[in-house]
Structures are given as structure tokens and as C-alpha cells.
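Take a look at the model below. This report covers how some of its helices pack and where empty space is left.

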Amino acid sequence: MITREYPPEVYGGAGVHVAELVAALRADVEVQVRCFGAPRDEPGVHAYGVPAELTGSNPALTTLGTDLLIAGDVAGANLVHSHTWYANAAGHLAKLLHGIPHVLTAHSLEPLRPWKAEQLGGGYRVSSWVEQSAYEAADAVIAVSDGMRADILRSYPAIDPARVHVVHNGIDLERWHRHEDPATLERFGIDPGRPSVVFVGRITRQKGLPYLLAAARLLPPEVQLVLCAGAPDTPEILAEVQAGVAELQRERSGVVWIEQLLPRNELSAILSQATTFVCPSVYEPLGIVNLEAMACGAAVVGTATGGIPEVVSNGITGRLVPIEQVDDGTGTPLDPERFIADLAEVLTEVTSDPETARRMGEAGRQRAEEHFAWTSIAERTRRIYDSLLP
């Protein structure tokens, strides 16, 4: 298993996915993990840094340098499975070098994230080349939703559709559950007596945070907005969010911004007290954080895009906000003001009816239990492996 993220260095859904999948697969598969970053203590996990000669280079080149180190060490494996473009080059090279099948899981697609050029400059062209090469040569591509599968085939039409499989993200239902912790709420200034909208995610264009900040200005004054948001892609998007939060805090009370990465128990406590969780993404293959919120019993309001409608059952576990998007890969709403108004209207409706929101949260927990357990996801992944091995 090749991945950029692996505990404790996890900052997004892909890292959570890999950690949970590895744990579930190890019930009957020997899995070696090769990841980026500092040394790990976990047996069977090997971490790799950037080659000294590439220190200070464009991030795309430092990624490729780490991939080269990993590819050589995959010798002896029966199969290699990579996650995100950061690890795809290592998986593709391991396939060629060692003559073994390469499976990759698509957590996002570079053609649908053109704003990455802000972060990587010319490295975005490198990352796009890496991704396309790996996807078109992979023995199997796993999409985390039906929406993601359609995006893959549209973005890379040279891929045989028979090689693209859907295996949803999952959730550890023993670790993610309703958790009452008044002390955590008090420490962050969250008032359990007021309705609240909670956002959890990285500060990146795809997460739609600026649209949420604009929509929050239209919410009833008693509604709190709790933002668990950090790890900005660029200084520019961070500055935009900082300005939006500052303006909102001048206009209303109950705007809480938590920038640090929270441990699971504290995040569970915040999700458990939410009247609703919000996912205003303009691009989201599935959104594992939606599953985390559902497992904690929170109703979910999400954009009707990507794989979100496969997670959120509209009117049952939460609400979907309609969106029409520009067909240029950015996910930009055709009518941003309409999207903002619709988002505000749905959030107002849900927070104004806490009893219905509570029932939606209970239904969300049940849906997570029935459809998104990691044991069944590992079984479906193992069947894909078996189909490629002699």
C-alpha cells in the first residue's frame, strides 16, 4: 500500500481511508505500507523523506523523488495499491519494474482541480501527467463513488470502463459515534444552547468555504457557525478565508474558528452537538467527513455534486443543496449568488427545526451502519485484488 498520508501524518480523507483499509485488510492479507514523512513505529510501515538533492524543489519534483525511493522497495510484493497522485508514480513504476499488478484508488482528479496550479505552479502539469499515465496503465482503478467513476471516464476516456470499479469510502463505527463532552465545547466557546452549523475540512477551493461564509451572513442571528478548518492550500485562499471570517465575526456572535487539527474525541464532541453538519464542496468524490458526521448522529447538509448524493439521503439523513456548475473542471457555480442563497435557505430550515434535524441524524447513523462499514469495503477491495492475481 503506497500513500502520502498515514497516521499520525493525516490531513485529509485519503489518509483516513488508507489507515482504515489497511487495518481491515490485515485480517487476512499481509500488507506492507510505504508512506511519506517521518519514521513510523507501527510494524510493517515504512516512511520515506525527500531525497536531499531535491530539497527546496517544486513540490511535484520532491514527490517524484520520494516515489522513486519507494518503487524500488516494493520488490517481493504480489500487488501494489496506490492512493492519490502523490503515490501513483511509485505504484506505476513498481508495476513496470517488478511486473506486478497496480491498483489505484481515486480520491480526487487533477483535471477537476485546476486551482492546484495556484499551489504547484508548473508542477500541476507534472502532477497531471503522473496521474494520467498511472490511471491509463493501471490494472484496476477504484472510484470511491459512482459520481467519481463517471468523472474518471470523462477525464480519461482511454481507460477501459471494465477496469474502473466502485468501492465507497467507509467509516469506523466503533471509533466514530455520539460523544458528549461539555468541557470541549466550553474550551472552544461553543454554546450547546444555541443551534449550530459545523464545517470540517481543509482550506482549499474544492471545499467551498468562501460560499459558506457568504451564506452564514444570511442565517438567523441565533445560529452558531463552527469552522474546524486548517491546512490551507495557498496563502491566497487562507487570506480570503481569514477576511471572510473576520467580517462575519464583526457582524454576528457565535462564529468559532478552530484552525488546529483536533483529536478524534474532541471532533466527535463538536459533531455530536451540531444541529447540522455542512459540506458546501464544489468538488467532492465522496466526502468521508460526511460519514464521520453521520456516525456521530448529525444531520448533513451537502452540495448535490460528486459523490455526496450517494452518502446523504435527501430529506432522510439530511438535505442536498442544488447547484449548477461551470463545465471547466473548477466546479464553480454558474450562479454563485443563487448557490449561496440556496445554501443559506436550507441551513436555515434545518437549524430552525432541531427535532427534524435530530431524526435525520439518527437516520444518518443507521445508514452509516448499513452501507459504509470497513469490513465490507475491505472484502470488495480484496475481490478486486484476487481478480488480478494468478
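The text below goes through helix pairs, then empty spaces, then two backbone details.

This is a predicted model, in which local features need pLDDT of at least 70 and side-chain atom pairs count only at pLDDT 80 or more, while totals for chains, interfaces and linings use all residues. Residues are numbered from 1 along each chain as its sequence is written, and side-chain values use heavy atoms, with hydrogens and water left out.

**Helix pairs**

Two packed helices are described by the angle between their axes and the distance between the axes. Axes are lines fitted to C-alpha atoms, for helices over the stretch in contact, and angles run from 0 to 180 degrees between N-to-C directions. Helices (H or I, at least four residues) and strands (E, at least two) are DSSP runs, numbered from the N terminus.

| Pair | Angle | Axis distance |
|---|---|---|
| α2 (59–73) and α3 (84–98) | roughly 35° | within 8 Å |
| α1 (13–25) and α15 | about 80° | 9 Å |
| α3 and α5 (123–137) | about 45° | 9 Å |

Start with α2 and α3. Their crossing is right-handed; the near helix is turned clockwise from the far one by less than a right angle, whereas anticlockwise would be left-handed. Contact means heavy atoms within 4.5 Å. Residues including Leu64, Leu68 and Ala71 of α2 make the contact with α3, where Trp85, Ala89 and Leu93 are among the partners. The residues of this contact divide into 13 nonpolar, three polar and one charged. Here Ala, Val, Leu, Ile, Met, Phe, Trp, Tyr, Cys and Pro count as nonpolar, Asp, Glu, Lys and Arg as charged, and the others, Gly among them, as polar.

Helix α3 also packs on α5. That crossing is left-handed, and the angle makes α3 and α5 oblique to each other. On the α3 side, Trp85, Asn88, Ala89, His92 and Lys95 take part, meeting residues of α5 that include Val130, Glu131 and Tyr135. By class, this contact has six nonpolar, four polar and two charged residues.

What is the angle between α1 and α15? At about 80°, α1 is roughly perpendicular to α15. (Angles under 35 degrees count as roughly parallel, over 145 as roughly antiparallel, 65 to 115 as roughly perpendicular and the rest as oblique.) His17, Glu20, Leu21, Ala24 and Leu25 in α1 meet Trp374, Ala378, Thr381, Arg382 and Tyr385 in α15.

**Empty spaces**

On a 1 Å grid over the protein atoms alone, a cavity is a set of points where a 1.4 Å probe fits but cannot get out; a pocket is an open set with protein on both sides within 12 Å along at least five of seven lines; lining residues have an atom within 4 Å of a point. Grid points are joined across faces, edges and corners, and a volume is the space filled by probe spheres set on the points.

The second largest pocket holds about 500 Å³ of space. Of its 21 lining residues, Glu30, Val31, Ala77, Asn78 and Leu79 are the closest to its centre. Helix α15 (374–388) and strand β4 (80–83) each give two or more residues to the lining, and α15 has the largest share, three residues.

There are three cavities of 30 Å³ or more. The largest has a volume of about 40 Å³. Its lining includes Phe199, Lys207, Cys279 and Glu284. Strand β11 supplies the largest share, three residues.

**Backbone details**

The peptide bond from Pro7 to Pro8 is cis, with omega near 5°. Pro8 sits in the loop between β1 (2–3) and α1. Thr84, in helix α3, has a positive phi near 70°, though Thr84 is not glycine.
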